[in-house]
Number of protein chains: 2
Amino acid sequence: MFNNVTIVGVGLIGGSFALALKEKGFAKSITGVFNRRETQEKAFQLGIVDEALPLEEAISKADLIYVAIPVDITIPTMQKIMGMITEKQIVVDAGSTKLALCKAVANYPMRKRFVATHPMWGTEYSGPEAATKDSFTGRACVICEKEKSDPSAVKIIEDIYKALGMHIVYMEAEAHDIHAAYVSHISHITSFALANTVLEKEREEDAIFELAGGGFESTVRLAKSSPAMWAPIFMQNRENVLDVLNEHISQLRKFKACLEKENIDYLYELMENANKIKRIIK
Amino acid sequence: MFNNVTIVGVGLIGGSFALALKEKGFAKSITGVFNRRETQEKAFQLGIVDEALPLEEAISKADLIYVAIPVDITIPTMQKIMGMITEKQIVVDAGSTKLALCKAVANYPMRKRFVATHPMWGTEYSGPEAATKDSFTGRACVICEKEKSDPSAVKIIEDIYKALGMHIVYMEAEAHDIHAAYVSHISHITSFALANTVLEKEREEDAIFELAGGGFESTVRLAKSSPAMWAPIFMQNRENVLDVLNEHISQLRKFKACLEKENIDYLYELMENANKIKRIIK
C-alpha cells in the first residue's frame, strides 16, 4: 500500500487506474495533476482524487507517479519527473507509443525507477467521466525495456496490474510500436476515415441515423476518439503507421479491382482470406 | 395468425424471423426450405422450423413466404415464386440490395403480393445457430416500392415487423441501395480489408492475439462475415459501393499525406471533422 499515488492526467486511463487502485486498496491517498479546471472539478465530483496539486509538489510527495497524458507532452513531462525523483519513488507511464519515450529518458540516472507500460485498453470516450474501476480487467499490459528498470519497481507495478486483472506481456519498445500500429493505431485511422467518407458523401444524415445498424456503429465508433490523444500517437509512430496504412490502402484497392472487373472469384478469395481472422479473435 | 409460414433460407435472418414469429404467435406452423442437410438438421435441433419441404411444395401450402438467401440466388428464386403464388399469398424478401430484385420482378402479375423489405440488422455470424428471437428489436426496417405492393399485404408485413420491435422506413429501391452502401456495405469492405492488412503484415499472430483490444475487435469483427452472403451484395450494388470505396480510399490518402508531411494541423482537422459522427451515432 502506497501512502500517496500521484496521477498526472486524470482522464480515461489515469482516472480508471486511480479508481482501481482505490478499489483494491493500493493507495491511501491519490493526488491528481490537472491542466484544466473542468477536468479537476469533474475528478473531485466523481471521487477519483483526494487532492489536486501542481506537478512539482505532487511529485515530491508521491511514492508512485502514474503519467497518462497525450504522448507528445508525456516526453517533456517525464524528463522533468526524471530530474526530480529519488530512488524511493517509482514512475510509470501508460502511453500508446513507447520507443520515443524510452529513448528520451534513456540517459537519466533515475531511468531505473521508471517502468514503461501500455495497458491495452481504451474506449472512444475521454475524460474522468469515462473512467471506470474495472477498465483493465482481462486485457494485456505491455511492459517495455523491463531490463532497464529496477526489478523491485517492475515487480510492484506488475503486481498492481495483475491485481487489476491484466496479464503482462514483455516487449522491446520498437516491437511494441510496430504491433500497436497493427492492433490499434490502424483501426483508429480507418474509423476516422470511414466517418469522413460517410460525412462527405452521405448528405442525408437522417438516413444514416435511421438506418445505421450494429456493423456501421462498430466500425465507426472509434472515430469519436479524441484528436488531442490520437494525433500525437500517429505522429510519434508515423513510420509504422504509414507502413500499415499503405498496406491497408493496397488491400482496399484489391476490393476495388474486383468490383471494377466484376471478378467475383477473386472477391471470394479476398473475403475467405479475411475470414482467417477468426483464428485470432473470438 | 398465419396457418403456415414458409422460410426460404433458415439462416441468421430467416431463422431469427421464424423464432420471432413463433414467439409472438404469428404462425401456427413454420416450414423451412433448405439447400443443405446440415443447416436443416441444425434448424430442427434448435426448434426453428416444424418441417422441411422442397421449394415448390413449401410455396403451395404457405400463407406467407419469407425469402432470406444470398441476393444473387434471391432473384431466380423470387421469379419462380412469382410464377407460382396466388392473390391469397404474400411474399417478402429480406435482402441487403433492393434495386436489382425489384427490377427483376417488376412485370410479374403477382408483383403486388410481394413486399420488398430490408430489416437493418445482422451480425458477422451466419446459419440457424446464429438466429435469435430478439434480433430485430430496436432496428429500422426499410420497405421499398411500397406503392407496387397491395396495401393490405404491406399492412400485414408492417404489423409483423413492428411487433418484432422494428420501425418502418420507406424508400425507393435505388435510394435504399445508395444508403446501404454507406451505412453497411462499406463497413464490411473496410473490415475485410483491415483483416487482410493485418494478416498480410503482422506475421506474429500471437502478438495480435495477446494485444488486440476492443478497438481492433470492433473494427475487424465484420471480417468474419460470410463471403457467400456478402460477395453477391457487393456485386449487385457495385456502382454505389465503388463510389463510396473511392471516396474512402481518398480519405485514407489524406491521413497518409498528413503523416508523410508531418502536418499535424491537418491531421487534427481531419479527426475533428470525423468527430462530427457523434451527432449521428450515439
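Here is a short chat about the contacts in this predicted model, between chains and between domains.

Visitor: What makes the link between B:E262 and A:R238 a salt bridge?

Guide: The rule asks for a side-chain nitrogen of Lys or Arg within 4 Å of a carboxyl oxygen of Asp or Glu. The side chains of B:E262 and A:R238 have N and O 3.5 Å apart, so the pair passes that cut-off of 4 Å. Between chain B and chain A the count is four salt bridges.

Visitor: How many residue pairs are in polar contact across the interface of chain B and chain A?

Guide: There are 23 such pairs, with both residues at pLDDT 80 or more. On the chain B side, β7 (140–144), β8 (167–171), α7 (173–201), α8 (205–211), α9 (214–220), α10 (227–236), α11 (238–260) and α12 (264–274) each bring at least two residues to the surface that touches chain A. By class, that side of chain B has 50 nonpolar, 19 polar and 22 charged residues.

Visitor: How do you know how much area chain B and chain A bury between them?

Guide: You take the accessible area that the two parts lose on being put together, summed over both. For chain B and chain A that comes to about 8,800 Å², with 69% of it on carbon and sulfur atoms. In chain B, the residues losing the most area to chain A are B:L211, B:L259 and B:I280, together 8% of what that side buries. As for residues in contact, chain B gives 91 and chain A gives 91.

Visitor: Why is the relation between chain B and chain A called a two-fold axis?

Guide: Look at what it takes to lay chain B on chain A: a turn of 180° and a shift of 0.0 Å along the axis, with an RMSD of 0.0 Å. That is why we speak of a two-fold axis. In chain B, the C-alpha nearest the axis belongs to B:T219, at 2.2 Å. The same surface serves both copies, too: 100% of the contact residues of chain B recur in chain A.

Visitor: Which domains is chain A divided into?

Guide: Domain 1 covers 2–172 and domain 2 covers 176–279. Their C-alpha centres in chain A lie 30 Å apart. The contact between them takes 18 residues from domain 1 and 17 residues from domain 2.

Visitor: And what do these two domains of chain A bury between them?

Guide: About 1,400 Å², 60% of it on carbon and sulfur atoms. In domain 1 of chain A, A:S96, A:T97 and A:E124 lose the most area to domain 2, together 40% of what that side buries.

Visitor: What makes A:E124 and A:R221 a salt bridge?

Guide: Same test: the cut-off is 4 Å from nitrogen to carboxyl oxygen. The side chains of A:E124 and A:R221 meet at 2.6 Å, N to O, so they qualify under that cut-off of 4 Å. The rule finds one salt bridge across the interface of domain 1 and domain 2 of chain A. It also finds nine residue pairs in polar contact there, both residues at pLDDT 80 or more.

Visitor: Which elements of domain 1 of chain A give two or more residues to the side that touches domain 2?

Guide: Those are α4 (71–84), α5 (99–105) and β7 (140–144) of chain A. The largest share, three residues, comes from α4(A). By class, that side of domain 1 has 10 nonpolar, four polar and four charged residues.

Visitor: How many salt bridges does a search of the whole structure find?

Guide: It finds 31 over all chains. One pair is A:K112 with A:E87, whose closest N and O atoms are 2.8 Å apart. A:K112 sits in the loop between α5 and β6 (114–119) of chain A and A:E87 in the loop between α4 and β5 (90–93) of chain A, so the pair ties together parts that are 25 residues apart in sequence.

Note on methods
Residues numbered from 1 in each chain as written. Chains lettered and ligands numbered in written order. Predicted model: local features only at pLDDT ≥ 70, side-chain atom pairs only at ≥ 80, totals over all residues. Heavy atoms only, no water. Contact = heavy atoms within 4.5 Å. Buried area = accessible area lost by both parts, 1.4 Å probe. Polar contact = N/O pair within 3.5 Å; in protein donor to acceptor, adjacent residues only side chain to side chain. Helix = DSSP H or I, 4+ residues; strand = E, 2+ residues; numbered from the N terminus. Nonpolar A, V, L, I, M, F, W, Y, C, P; charged D, E, K, R; others polar. Least-squares fit on C-alpha atoms with pLDDT ≥ 70 in both. Domains from an automatic or database assignment.
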